[in-house]
Amino acid sequence: MESKRGWLKQSFGKRLNAIHSWNAWILLLLTVTGIVLSIGAIRGDLGSFRVTIKQLHIYLGVASILLIALYAPMIRKHWHQIRARRNQRANLVFVLALLIGWAGSGVILWQFRNLPPALNNSALFVHDLLTWVGVPYAVYHAISRSRWLKRQQRLDQAAATARPPASAQAVQNPAAASAIAAAPNQAPVATDEDATARRTAAQAVIAALKESPITRASFLRIAAGLLLVIAIGPAFYRWIKGAFDTGGSTTAEYIATDGNRMLPPPAPLPDSAAVVGGGAQGNFRIYTVTEIPAFSSDTWKFAISGLVDHPSAWNWEEFLKLKRTVQVSDFHCVTGWSVYKCTWEGIPLKQLLAAAGVQAKGKYVKFYSGDKVYTDALSLSQANGDDIMVAVLMDGRPIPQKLGGPVRLIVPQMYAYKSVKWLQGIELIEKEHMGYWEVRGYDNDAWVDRSKA
């Protein structure tokens, strides 16, 4: 209570400056933690620390919302103070829109387990878009309002005040003015007075040329803005192109640059070839905890073992002879994005388990990635779900290397960290296994619909 009274006793200007300063530091920390979380290539290196960074990002977001609430009672007076400054009003509206947009979309992403995936997908797009726009703007704002640049502006203003304009110099010397006026019509008389007038007139011309329409401070602001556009523009263009890619060009690129060499390619079933779903129009984000591996049909193997009566191993050609089915399902990532109506073709997991003959002690199904690092597991009852598939094709084509091919697990009703990429091994075990991300802080309960837990 005492601290509240102390805050209210401060002058309006001091409170405004304090909120501005706190907001700047929180925005800086949010930017740093957000960028770290968005870099897929270092997810594995961060390990459990990534979960800590994510929690810090959430706490900073909550602090940002509290700052907005603290500023809310001051908006009316602040708006009145800057009524004659259009640039400052525009900046205030833009910044408030950014902060409110970030806060709203951030809260949705924070509570993603309790909200529909479609809403999370939209919130992630808004959050990313505001980040692409807001962070460069904040950097530009920090540069343009820096003490050094303000000092340059004061120097420019002082120089302009000390230097009279050319017209004033001409008025101060009537002889020079008359000489300039008469010069086009009559020849000058070689007198000392006229010589002084000509010199003054020449100096006036040079002085006028020195009066640049762009001050040093303005030039530095323009240069800072151009550098930001050059540095961030290409990456923003690639992001916006991918975000609005509804023609499947991103997936086509993954297929065209596929590093796997799996021969013969799997022949799609009629339903798969017809592409019942629209997964090819979706936007998969590439996350991996290791270098993306490449596989060749010459050396590739798939095995099921452990607590089963009939352990088996297949090479590529043998694996393609297993009976496959087609299903259409959505794909949800725990970071908030989804790809809808993907057409998957592969072997139902329960078909493989039935053929292997699970022993009474087998309670859990453990999955091994071909990257030799990533593992995950399902309970036997979960693994026998009708829509859990060991997929070989996506939308009638071999699954690209970057999307987890040649073979990956698909668990549609759980978040995608359960859908193990580059799947090569299945083992039936007695005790529960905590997967790669689960030991690093992720929930072992990965149901998209929490009511299934």
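**Group meeting: surface patch, empty space and salt bridges**

Good morning. I begin at the surface, where Val62, Ile65, Leu66, Val107 and Trp110 make a nonpolar patch of about 420 Å². Two elements, α4 and α6, each give two or more residues to this patch. Helix α4 is the main contributor, with three residues. One residue of the patch deserves a separate word: Leu66, which lies in helix α4. Leu66 counts as exposed because its relative accessibility is 57%, and the threshold for that class is over 50%. I should state at once that the model under discussion is predicted.

Let me turn from the surface to the empty space. Rolling a probe the size of a water molecule over the atoms shows where empty space is left. How many cavities of 30 Å³ or more does the count give? There are two. The largest cavity has a volume of about 350 Å³. Its lining comprises 25 residues, and those closest to the centre are Tyr287, Arg408, Ala416, Tyr417 and Lys421. Sorted by class, the lining of the largest cavity holds 16 nonpolar, three polar and six charged residues.

The second largest cavity encloses about 50 Å³. Which residues line the second largest cavity? From the earlier part of the chain come Phe112, Leu115, Pro117 and Asn120. They are joined by His332, Cys333, Gly336, Trp337 and Ser338, and then by Tyr415 and Val448. As to class, this lining has seven nonpolar and four polar residues, with no charged residues. For the largest cavity, by contrast, six charged residues are found in the lining.

I now move to a pocket. The second largest pocket has a volume of about 1300 Å³. It is lined by 36 residues, and His20, Asn23, Ala24, Asn91 and His141 lie nearest its centre. Which elements supply at least two residues each to the lining of this pocket? They are the helices α2 (12-38), α4 (49-71), α5 (75-81), α6 (86-110), α7 (117-144) and α8 (147-162). Of these, α2 gives the most, with 10 residues. By class, the lining of the second largest pocket consists of 21 nonpolar, 11 polar and four charged residues. Helices α4 and α6 thus appear twice in this account, in the pocket lining and in the nonpolar patch.

The next topic is the salt bridges, of which the structure holds seven. I shall take three in turn.

In one of them, Asp386 pairs with Lys350, and the closest N and O atoms are 2.5 Å apart. This pair links distant parts of the chain: Asp386 sits in the loop between α17 (380-383) and β7 (389-394), Lys350 sits in helix α16 (residues 349-356), and 36 residues separate them. Is Asp386 buried or exposed? Asp386 is exposed, because its relative accessibility is 63%. Lys350, at a relative accessible area of 33%, is partly exposed.

Another salt bridge brings together the side chains of Asp376 and Lys418, with an N to O distance of 2.9 Å. Here too the pair links distant parts of the chain, with Asp376 in strand β6 (residues 375-379) and Lys418 in the loop between β9 (408-410) and β10, 42 residues apart. Why does Asp376 count as buried? Its relative accessible area is 0%, and buried means under 20%. Lys418 is also buried, with a relative accessible area of 2%.

The remaining example is the bridge between Arg113 and Asp445, whose closest N and O atoms are 3.6 Å apart. Arg113 is placed in the loop between α6 and α7, whereas Asp445 is in the segment after β10 (423-429), and the two positions lie 332 residues apart in the chain numbering. Arg113 counts as buried, because its relative accessibility is 11%. Asp445 is partly exposed, at 27% relative accessible area. This pair belongs to a network: salt bridges with shared partners join Arg113, Asp443 and Asp445.

I close with a single residue and one of its neighbours in space. Ile232 has its place in helix α12 (residues 216-243). With a relative accessible area of 25%, Ile232 is partly exposed. How far apart are Ile232 and Val133 in sequence and in space? They are 99 residues apart in sequence and 9.9 Å apart in space, taken from C-alpha to C-alpha.

Thank you for your attention.

Key. Residues numbered from 1 in each chain as written. Predicted model: local features only at pLDDT ≥ 70, side-chain atom pairs only at ≥ 80, totals over all residues. Heavy atoms only, no water. 1 Å grid on protein atoms, 1.4 Å probe; cavity = no way out; pocket = protein on both sides within 12 Å on 5 of 7 lines; lining within 4 Å. Points joined across faces, edges and corners; volume = space filled by probe spheres on them. Nonpolar A, V, L, I, M, F, W, Y, C, P; charged D, E, K, R; others polar. Helix = DSSP H or I, 4+ residues; strand = E, 2+ residues; numbered from the N terminus. Patch = residues over 30% accessible without salt bridge, like charges linked within 9 Å, V, L, I, M, F, W, Y side chains within 5 Å. Areas by Shrake-Rupley, 256 points an atom, 1.4 Å probe, with all protein chains shown as cover. Salt bridge = Lys/Arg side-chain N within 4 Å of Asp/Glu carboxyl O. Buried < 20%, exposed > 50% of the residue type's maximum accessible area, 1.4 Å probe, protein only.
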